[in-house]
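Here's a walk through one protein model, from its ligand site out to its domains and strands. Have a look at the fold before reading on.

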Amino acid sequence: MNSERSLRISSWQGDLPAVCHPHFLPQAKEILWPEKVEERAEIAVVGAGLSGLTAAYHLRDRETVVLEAGEIPGGVCQGGSYQGVKYPAGSAYFYYPWDESWQAWYRELGLPVDEALISGPVSALFHEGRWYPDCFTLDGLRTLPLPVAAREGLIKLAADLASWEERWEPLGSSVLSQPELDRISLAHYLEQYRGLPPEATLFLDSYCRSCLGAGPDAVSAWAGVFFLMSEFSPTSRTAAFPEGNTRLVEALLRALPRPPRPRQIVVRLEPKARGLHLLIWNDLEKRPYRLEAGTVVLAVGKFVARHLLPPESGWRLDDLARFRYSSYLVAALCGRITIKAPGYENWVMGEEAFSDFVISPRLPRSGGRVMTVFAPQPFPQGRDPLMRARPKDKARELLGAVERLFPGTIKEVEEVRLHRFGHAQVVPYPGFLTFLKGDFPKQQGRIILAHSDLEGVPCVEAAIVQGQQAARRVRETLGL
Ligand SMILES: Cc1cc2nc3c(=O)[nH]c(=O)nc-3n(C[C@H](O)[C@H](O)[C@H](O)COP(=O)(O)OP(=O)(O)OC[C@H]3O[C@@H](n4cnc5c(N)ncnc54)[C@H](O)[C@@H]3O)c2cc1C
């Protein structure tokens, strides 16, 4: 390994538990409400992730304030730059369906989506020293190093999913197509219902952990099938900007009349006769203040919302506690990286420490390159160790795993930038989507929920759809 003197390791980036935890953990010191209202707004959006920014975008003609706990907007859609090379440091790609409404939305934001369409293999699998490009296409599936029954079963699954796509309910729908799939795990569906050998499940393990936060035995078959449908789809293609989905965030920010306010942590909500009061900790000035808003969009995970919502708001605490989250580490390995990997998204099979990586730019060049390594942590027990870990140790663990698989890479790494997401994404465990599409309310009075977790599956499209729906509810509520 590079000597520690020449290898730079960043401190934690990503979400900021040190800013938020003191207000929400059981031993938190109570923040008292200042007596007077300091500020008034027609609409307050809490959280400047993709869902909150989308809601604010669709409400940009109104007096809207966006409050963000972190230093920068974007939530898990973070990106970086190293020696002029842009790279994703969180959410990386999106699906570009040939659907007019999505295309219109991207066009409206001025996003050159056609430039983001990925050429060449989108996905490749690395197993026992060999690459298997296009591992999610029919041709690629035929080459996988799996028993014949596993390969044929996966090919049949891909064909079935492609034919289901037409009649599958879109995101944002209040019903589940094939609700029976949500009663069982993906592993159970593959092995018991479709009779695939366990090797097929193993092939999908890193994909599942990375995209859905937990392995095939822990996620709902509905959610697994929904994600795989996009991979196998004849009607959508994967698109990614060099810096990942932070580009979507930037497009939304450009369109907002006022930027989100950083380091403004919303700590409580209180319904009042005329609207709502928000207790906000201004972490820049280290003081609390009271804001009055006509309507509030809570675009935060329900792990936060349940601390903010008062008992009289109407949500049951038990319902909010049913949202579960995975945790995630993303490491940007920066340097003169020479590794050649055939896919945009490169999956490794059977590696505990990380699941996949992307390289920016894709082709080797003489200058700097960045290998972004995605390391979903074990669900549900991975969060605490991640919170306690030292950056140096996590960097060493990841570099060790990368070096084992791709010898020689370590000496090329000059800097490791570590992004940690404690409650990275909602985990669609079996039964969760049925609960969510049942009677879970997304609005009570003037408090409206947003966030991708309301869709039950973590993807940027879920965040966008939920942000759009929240904005529509605000307009109805305010009679706009
Ligand atoms: C590592 C990683 C990689 C991913 N890759 C992809 C991908 O390639 N493609 C894809 O489609 N999806 C991907 N996803 C999922 C997808 O990006 C997310 O589901 C989506 O971006 C989440 O947006 P959101 O607005 O729902 O939530 P978040 O991004 O979680 O935003 C919530 C915001 O609320 C703020 N906040 C929290 N508490 C408070 C408070 N009390 N006061 C004020 N603000 C607060 C947070 O700081 C945060 O900015 C990935 C997720 C992760 C973690």
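How many residues surround the ligand, and which are the closest? In this predicted model, the ligand is surrounded by 40 residues, and the closest are Gly47, Gly49, Gly75, Ser91 and Ser452. The elements that put two or more residues into that shell are α2 (50–58), β11 (264–271), β14 (325–335), β18 (413–426) and α17 (460–478). By class, the shell holds 25 nonpolar, 13 polar and two charged residues.

Now for the domains. The protein splits into three pieces, with these bounds:

| Domain | Residues |
|---|---|
| domain 1 | 8–15 + 78–92 + 325–426 |
| domain 2 | 31–76 + 246–323 + 428–478 |
| domain 3 | 144–233 |

Domain 1 and domain 2 each supply at least three residues to the shell around the ligand.

What about domain 2 and domain 3? Their centres, taken over C-alpha atoms, are 32 Å apart. The contact between them uses 16 residues of domain 2 and 18 residues of domain 3. On the domain 2 side, α16 (432–437) and α17 are the elements giving two or more residues. Sorted by class, that side of domain 2 has nine nonpolar, four polar and three charged residues. So α17 turns up twice: it gives residues to the ligand shell and to the side of domain 2 that touches domain 3.

On to the inside. The largest nonpolar core counts 145 residues, and the members touching the most others are Ala44, Val297, Leu298, Ala331 and Leu333. Take Val297 as a sample: setting aside neighbours within four places in sequence, Val297 is in contact with Ile43, Val45, Val46, Gly52, Ala55, Ile448, Ala450, Ala470 and Val474.

Leu333, another of those core residues, leads to a strand pairing. Its bridge partner in β17 is Met371, and β14 and β17 pair antiparallel over eight bridges. β17 also runs antiparallel to β16 (residues 356–360), joined by five bridges; there, Val358 stands opposite Thr372 of β17.

Is β17 (residues 369–376) mostly covered or mostly open? Mostly covered: eight of its eight residues are buried. In a regular strand, side chains alternate between the two faces of the sheet. Here Arg369, Met371, Val373 and Ala375 point one way, while Val370, Thr372, Phe374 and Pro376 point the other way, and all are buried.

Technical notes. Residues are numbered from 1 along each chain as its sequence is written. This is a predicted model: local features need pLDDT of at least 70, side-chain atom pairs count only at pLDDT 80 or more; totals for chains, interfaces and linings use all residues. A residue is near a molecule or strand if its C-beta atom, placed from the backbone, lies within 6 Å of it. Helices (H or I, at least four residues) and strands (E, at least two) are DSSP runs, numbered from the N terminus. Ala, Val, Leu, Ile, Met, Phe, Trp, Tyr, Cys and Pro count as nonpolar, Asp, Glu, Lys and Arg as charged, and the others, Gly among them, as polar. Domain bounds come from an automatic or database domain assignment. Two residues are in contact if their C-beta atoms, placed from the backbone, lie within 7 Å. A nonpolar core is a set of buried Ala, Val, Leu, Ile, Met, Phe, Trp, Tyr and Cys residues joined through C-beta atoms within 7 Å. A residue is buried if 20 or more other C-beta atoms lie within 10 Å of its own, exposed if 12 or fewer, and partly exposed in between; C-beta atoms are placed from the backbone. Two strands pair if DSSP finds at least two bridges between them.
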